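Colleague: I'm new to this one, so please pick a single part and take me through it slowly. Then follow it outward to whatever it leads to.

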Amino acid sequence: MTNQFINGNYINREYSWLQFNERVLDQALDETNPLLERVKFLSIFTSNLDEFFMVRVGSLYNQSVVSPSAKENKTKLTAEKQIDGILQIAKRLYKRKKEVAAALKKELKEEAGIKLIRAKQMSSAQRLEAGRFFTARVMPYLSPMVLDSKHPMIRFESMHLYFVYVLKKGDREMFGVLPVPTRLNRLYAFETGGKTTLMTIEDMVGAFGTLAFPGYEPTEGAMIRVTRNADFETNESDVDSEYDYDFAKYMRDKIASRASLNVVRLEMDNAADKVRAFLLKNLNIKKSQCFIVDDWFDYKFLFKLGDYVTPELAPNLKFAPFKGLKRVYPSLIERILSRDLFLAYPFDSMETLIELLEECATDKRVTAIRITIYRLDDRSRVAAALKRAAENGVDVTVVIELCARFDEENNMYYAQELADAGCSVIYGMGNYKVHSKIISIVLNDGGEVRYITHLGTGNYNEGTSKQYTDLNIITADNRIGEDGTAFFRALSVASKEFGCNSLLVAPVTLKKGLIACMDREIEKARAGLDAEIVAKMNSLTDKDMIDKLIEASCAGVRVRLVVRGICCLLPGREETDNIRVVSIVGRFLEHSRIYSFGVGVERVLYISSADLMTRNTNKRVELATPVLDEGIRDKIYAMLEVMLADNVKGRELHADGCYYPIDAGDEKINSQETFLKTIAHS
């Protein structure tokens with residue numbers, strides 16, 4: 001059967017993302033992962049799919065309304081056609097999710113001594129126990145509602161659980177709504193039954209919830225969850241241009257609007273006909289947008305299962321703990337002034353960077369610290385160090401992106417905290433999200449201006465630095481330092497005239513700079529010389545970049561790509577037979593972006609905050625830095641080679657648009673485990 005999501009050398013981005021998420025689900029059954037880690041992959045798969053519907057399907061819905069005839073530029077599908085295809089694939093993924101969940105439940109019972117049950121599986125003794133708990137501890141939190149002329153249709157909150165009943169009272173028939181309380185522990189552990197037996201709070205409400213409607217006879221009922229469109233645009237032209245207008249207020253209003261955006265998905269735990277018809281009509285959605293889910297709607301509670309495992313069993317059911325390597329020096333400032341420092345998270349600890357900021361907060365030579373912030377930890381030590389520096393008289397400028405999706409409120413909180421501490425806070429630049437990862441530190445060293453610049457591929461977030469693979473270079477190179485200060489000057493006056501000579505900056509020079517590097521390799525290949533492009537990124541969707549890679553393949557350049565998620569380039573066809581694409585899904589989320597051009601001593605290598613997506617290259621402020629230190633450059637390239645050789649967690653994209661395991665041969669290579677041994681344990 002022809003795949004509508006493939007067109008020549010191109011793959012549709014939504015289809016490619018769904019494939020990526022299925023690779024995440026594959027990890028739930030991969031026995032190289034311990035059991036309690038595998039159940040987390042099931043939860044991550046489900047959370048990923050939830051966000052996909054909120055953001056990507058939401059975005060497609062917006063397109064279908066505004067520009068119904070517009071087609072995306074690779075597979076020429078309208079938004080409506082893409083939504084229809086997504087819904088078909090999602091039905092299959094729901095079925096597979098259920099099968100995976102059933103297999104894991106069986107293993108949890110056998111290997112971990114944990115029995116997860118639904119309400120209908122309770123024994124008589126368990127039902128009595130649960131009933132007592134429900135009456136005493138759950139009922140007080142319930143807020144039932146009967147929908148009639150005095151209680152009109154409620155607005156179902158996105159991703160919240162509800163029970164909807166058809167109720168009879170005499171000759172009257174009406175609908176009842178019962179929200180599942182969120183303030184209670186999601187899991188209830190039974191005292192009866194011997195082994196650890198757990199049931200979710202929503203199952204308990206499902207078993208006894210009708211008690212909240214005394215005097216009514218329930219004739220039909222279902223647990224439901226709606227997913228609302230979470231994709232909204234922010235546009236500088238919408239904002240009052242007066243100098244005293246607070247963009248944070250505009251963002252708070254935008255975030256609040258999410259509650260009233262359209263519904264893109266309805267989930268029900270059974271096909272209750274009257275309930276479904278009532279919801280489809282009132283939510284204004286099609287039947288194809290309704291999914292019958294007779295297991296749990298989300299699996300976030302699986303992250304808590306370790307709390308119920310005995311200490312004897314736990315070590316064999318989890319990944320062996322590790323701590324990222326902390327680089328200890330008498331003075332980090334002096335160490336970096338002498339030579340560049342390279343950190344690879346999570347194998348290296350972010351503690352090193354935090355200690356550098358803490359040292360800069362008290363070192364009398366430091367006159368200014370400037371930083372871009374996209375996402376911060378809830379208890380950010382980075383923010384604490386910046387506040388301390390400002391309080392000590394250092395000139396601290398923070399460019400904080402208020403439009404970082406789902407982190408808007410956290411960023412607004414920190415923007416106020418930092419401003420109150422005396423930092424100069426900038427909310428970004430016009431209609432461009434500032435996604436760059438840079439810290440510029442200026443020192444007055446005996447009357448001489450010196451620079452320390454941090455450039456990275458990931459956020460200044462202590463939590464994710466332990467879970468995401470990211471690369472960092474901290475350098476005292478004057479060229480990079482001068483570029484860093486020029487970059488922040490441009491941001492401060494909302495100008496795209498960044499004035500950088502070494503750094504590539506989107507939306508102005510990043511795409512042009514990388515394409516120029518590709519063109520050099522193409523010319524070398526056409527001249528019969530050895531030419532190579534090796535790159536690693538999260539996603540590849542930018543058609544200009546894809547077409548340039550296809551041109552390189554046709555010219556004879558060897559192109560090797562590590563693309564974790566979306567890849568809209570199809571290798572192995574006539575024009576792309578020199579291109580190899582590998583995806584790695586493992587213990588840590590692959591997040592670093594690396595772009596390498598050439599071979600041997602002529603190799604030019606960049607690390608970057610940017611994926612090769614149109615939103616990154618054209619619509620965001622992004623940075624790519626050349627790796628100037630030869631030793632660090634060789635180290636990063638060697639890491640690329642290990643990732644390309646990964647035959648445990650790696651999957652290779654073939655010409656049919658599917659991903660396949662890589663032949664293990666005589667030696668199994670797990671790139672992340674290799675780096676754990678060679679970096680974190682060094």
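Modeller: Let's start with a pocket and work our way from there.

Before we dive in, residues are numbered from 1 along each chain as its sequence is written, and side-chain values use heavy atoms, with hydrogens and water left out. Keep in mind that this is a predicted model, in which local features need pLDDT of at least 70, side-chain atom pairs count only at pLDDT 80 or more, and totals for chains, interfaces and linings use all residues.

The place I'd look is the second largest pocket, with a volume of about 540 Å³. A pocket here is an open set of points on a 1 Å grid over the protein atoms alone, with protein on both sides within 12 Å along at least five of seven lines. Grid points are joined across faces, edges and corners, and the volume is the space filled by probe spheres set on the points. Lining residues are those with an atom within 4 Å of a point.

There are 24 of them around this pocket, and R118, K120, D203, D294 and D295 are the closest to its centre. Taken by class, the lining has ten nonpolar, four polar and ten charged residues. Nonpolar covers Ala, Val, Leu, Ile, Met, Phe, Trp, Tyr, Cys and Pro, charged means Asp, Glu, Lys and Arg, and the others, Gly among them, count as polar. Two or more lining residues come from each of α3 (79-112), β5 (161-169), α5 (201-208) and β9 (217-228). Those labels are DSSP runs numbered from the N terminus: helices (H or I) of at least four residues, strands (E) of at least two.

Now follow α5, where seven of the eight residues are buried, meaning under 20% relative accessible area with a 1.4 Å probe and protein chains only. One of the buried ones is D203, alongside I201, E202, M204, V205, A207 and F208. Their cover includes α4 (124-138), β5, β6 (172-179), β7 (187-189), β8 (196-200) and β9, judged by contact, that is, heavy atoms within 4.5 Å. So β5 and β9 turn up again here, having both given residues to the pocket lining.

The other helix to follow from the pocket is α3. It gives 13 residues to the largest nonpolar core, which has 119 residues, with L305, L540 and L561 making the most contacts inside it, and that is the largest share from any element. A core of this kind is a set of buried Ala, Val, Leu, Ile, Met, Phe, Trp, Tyr and Cys residues joined through side-chain atoms within 4.5 Å. In soluble globular proteins, nonpolar side chains tend to be buried together.

Zoom in on L540 and, leaving out residues up to four places away in sequence, you'll find that it touches I546, L549, L561, V563, I566, C567, C568, L569 and L612. There is also a second, separate core of 42 residues, including L332, L341, I371 and V394.

One last stop, for contrast with the open pocket: closed spaces. A cavity is a set of points where a 1.4 Å probe fits but cannot get out, and seven of 30 Å³ or more turn up. The largest holds about 70 Å³ of space. Its lining has eight nonpolar, two polar and two charged residues, and β19 (468-475) gives the most, with three residues.

Terms used. Buried < 20%, exposed > 50% of the residue type's maximum accessible area, 1.4 Å probe, protein only.
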